[in-house]
Each structure stands twice: as C-alpha cells, then as structure tokens.
Amino acid sequence: MSADGPANILAAVRTAASDDSIGKGVTVCLGDRIYAAWDVTKVHTTNPDTFRDLHYGPIGTVYGSRVEYGRIPVKHKKIHTDRIEENIWIITCWSGMDGGIVYGTEGKAAGLVIDGIGCGNVPPKCREAVLYLREKGMPIVLTTRVPSGSVEEEYSYEGSALSMKDSGIILGGRLSSWKARLLLALAMGKTKNIEEIRSCFLEIREE
C-alpha cells in the first residue's frame with residue numbers, strides 16, 4: 001500500500017488520466033485501489049488504509065504507472081440543478097428513542113434524513129414525530145445506520161421500513177445517511193414537489 005500522501009495523489013492523477021477511466025463515473029483512488037464514489041466509505045478514523053466498498057470491493061487497482069479495472073460500476077442518473085438545499089438535517093435513531101429531537105426540527109430544517117435501525121426501522125414514538133413532519137410537507141428520507149446492506153421492507157409493524165414507505169417516507173436504499181443527504185439536497189434544489197423528489201431516489205435505486 002502507498003503512503004498517505006504524494007503517492008496517493010500520483011495514483012489518483014494516473015487514474016483520472018487513464019483512457020480506461022472514461023465512463024466509470026466519479027471514483028476515489030487511495031491506497032492504490034480505485035472505488036466507485038457511490039459505494040466507498042471511510043471505515044477507520046486514523047488508519048491510512050481506511051477506504052472500503054463494503055458491498056462489492058474496489059473496481060480497479062493502480063500498479064505503478066498502470067491502471068487496471070476489474071469491473072465497471074453501475075451508472076446512475078444525474079440530477080442537474082442550479083442550486084442545492086443546504087438546510088437538511090440527519091437524525092440517527094436508537095432503541096427506545098422518542099420523537100423529541102425530531103419534533104425539534106420543525107421550522108428549522110427544510111428536509112430530513114432519518115438514519116434508522118436494522119434494515120430501516122424507526123422506534124414507534126419516533127415514528128409519530130416523523131409522520132407529523134411528513135404531513136406538514138417536509139421531505140424525509142429513511143436510511144439505515146448499519147454500515148452495509150440496504151433499507152428493506154422486511155417487516156410490517158409500525159415503524160418498519162414498509163410502514164414508513166406506506167406513510168409517504170422515501171426509502172434511501174443502500175445510501176448512507178450522508179450520501180442520502182447530498183442526494184436530497186440536489187433533488188430539493190431542483191424541485192419542491194415530493195413525488196418528483198421521490199422519483200430522484202427511485203430512479204437511482206433502479207439503475
């Protein structure tokens with residue numbers, strides 16, 4: 001593995017300059033590994049070898065001056081907008097959580113990402129607050145705090161991803177809360193219509 005410094009920059013420049021990188025989308029190159037930006041995440045606070053794709057692994061490797069790809073990342077639809085909505089909050093759920101902190105976003109946040117438990121589940125008391133804000137018109141996306149995997153409609157109890165979807169909450173798929181926030185910021189910069197915002201997430205999930 002290369003040092004966390006000039007060698008990483010050199011490898012990244014070689015990756016960007018490679019003809020084989022055309023059409024691969026946004027990538028991250030660190031430690032001589034090439035990752036799709038959509039999937040890469042930091043997994044250690046201080047270790048230089050910290051970036052990983054917890055779902056599929058790197059898409060390529062830099063060998064000195066040679067760039068080699070092992071797979072082609074899935075292409076995602078792009079959102080073109082002249083502005084972004086900066087005032088989007090993230091709230092992480094915990095077992096037994098009530099809705100106090102969620103109610104506290106009313107009148108302050110323009111949009112909200114709820115980082116749920118397990119495959120995208122929300123404690124019942126928290127759910128009441130989330131649905132209250134959705135009824136008030138706030139766009140809300142549900143993600144999972146689990147590092148890998150996706151929000152899934154596995155359960156039907158009140159607070160499950162299925163029940164939240166049925167109540168108008170947008171499911172964030174395998175996007176982390178931070179990446180879902182970026183997508184919501186772009187979508188809300190383009191439109192205020194909740195169904196159009198939902199389509200931005202659905203179209204990307206279906207790619």
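Q: Where should I start with this structure: among contacts between residues at least 6 apart in sequence, what share joins residues at least 24 apart?

A: A good place to begin! That share is 64%. Do keep in mind that this is a predicted model.

Q: What are the overall make-up and dimensions of the protein? How many helices and strands does the protein have?

A: There are six helices and ten strands. The C-alpha trace spans about 55 × 35 × 30 Å along its principal axes. The protein has 207 residues, and 43% of them count as buried.

Q: How do I read a sheet, and what is the strand order in the one with parallel pairing?

A: The general idea comes first. Strands of a sheet pair through backbone hydrogen bonds, either parallel or antiparallel. Here, four strands form an open sheet with parallel pairing, in the order β7-β8-β9-β10. Its edge strands are β7 and β10 (170-171), each of which pairs on one side only.

Q: Which residues stand opposite each other as I walk across that sheet from β7?

A: Let us take the pairs in turn. Strand β7 (residues 88-92) is parallel to β8, with five bridges between them, and here Ile90 stands opposite Val113 of β8. Next, β8 is joined to strand β9 (residues 140-144) by five bridges, again in the parallel sense. Across that pairing, Leu112 faces Ile140 of β9, while Val113 has Val141 as its bridge partner. Finally, β9 and β10 run parallel and share two bridges; there, Val141 has Ile170 of β10 as its bridge partner.

Q: How do I tell which way the side chains of a strand point, and which residues of β8 point one way or the other?

A: In a regular strand the side chains alternate between the two faces of the sheet. In β8 (residues 111-116), six of the six residues are buried. Gly111, Val113 and Asp115 point one way, whereas Leu112, Ile114 and Gly116 point the other way.

Q: And are the residues of β9 buried or exposed?

A: Five of the five residues of β9 are buried. On one side you will find Ile140, Leu142 and Thr144, and on the other Val141 and Thr143, so look for cover on both faces of β9.

Q: How do I read a helix, and which residues of α5 are buried?

A: An α-helix has 3.6 residues a turn, so residues three or four places apart point the same way. Helix α5 (residues 177-190) has 14 residues and reaches 20 Å from its first C-alpha to its last, close to the 20 Å expected at 1.5 Å a residue. The buried residues in α5 are Ser177, Ala180, Leu183, Leu184, Ala185, Ala187, Met188 and Gly189.

Q: What about the other sheet: what is its strand order?

A: The order is β1-β2-β5-β6, an open sheet of four strands with antiparallel pairing. At its edges stand β1 (27-30) and β6 (66-69); each has a single partner strand, so one side of each has no neighbour in the sheet. From one strand to the next, the twist averages 25°. For a close look, try strand β5 (residues 60-63), which is antiparallel to β6 and joined to β6 by four bridges. Within that pairing, Gly60 stands opposite Tyr69.

Q: Which helix lies across these strands?

A: That is α1 (residues 6-17), which lies across β1, β2 (33-36), β5 and β6 and runs at about 145° to β1.

Q: How do I find a pocket, and how much space lies in the largest one?

A: Rolling a probe the size of a water molecule over the atoms shows where empty space is left. The largest pocket holds about 770 Å³ of space. Its lining has 24 residues, and those nearest its centre are Val26, Ala37, Trp38, His76 and Lys77. Helix α5 gives the most to the lining, with four residues.

Q: One last residue: why does Gly96 count as exposed?

A: Gly96 counts as exposed because its relative accessibility is 71%, and the cut-off for exposed is over 50%. You will find Gly96 in the loop between β7 and α2 (100-103). Sequence and space can be set side by side here too: Gly96 and Val74 are 22 residues apart in sequence and 38 Å apart in space, C-alpha to C-alpha.

Definitions and conventions:
Residues are numbered from 1 along each chain as its sequence is written. This is a predicted model: local features need pLDDT of at least 70, side-chain atom pairs count only at pLDDT 80 or more; totals for chains, interfaces and linings use all residues. Side-chain values use heavy atoms; hydrogens and water are left out. Two strands pair if DSSP finds at least two bridges between them. Axes are lines fitted to C-alpha atoms, for helices over the stretch in contact, and angles run from 0 to 180 degrees between N-to-C directions. Contact means heavy atoms within 4.5 Å. The expected span of a helix is 1.5 Å times one less than its number of residues. Buried means under 20% relative accessible area, exposed over 50%, partly exposed in between (1.4 Å probe, protein chains only). On a 1 Å grid over the protein atoms alone, a cavity is a set of points where a 1.4 Å probe fits but cannot get out, and a pocket is an open set with protein on both sides within 12 Å along at least five of seven lines; lining residues have an atom within 4 Å of a point. Grid points are joined across faces, edges and corners, and a volume is the space filled by probe spheres set on the points.
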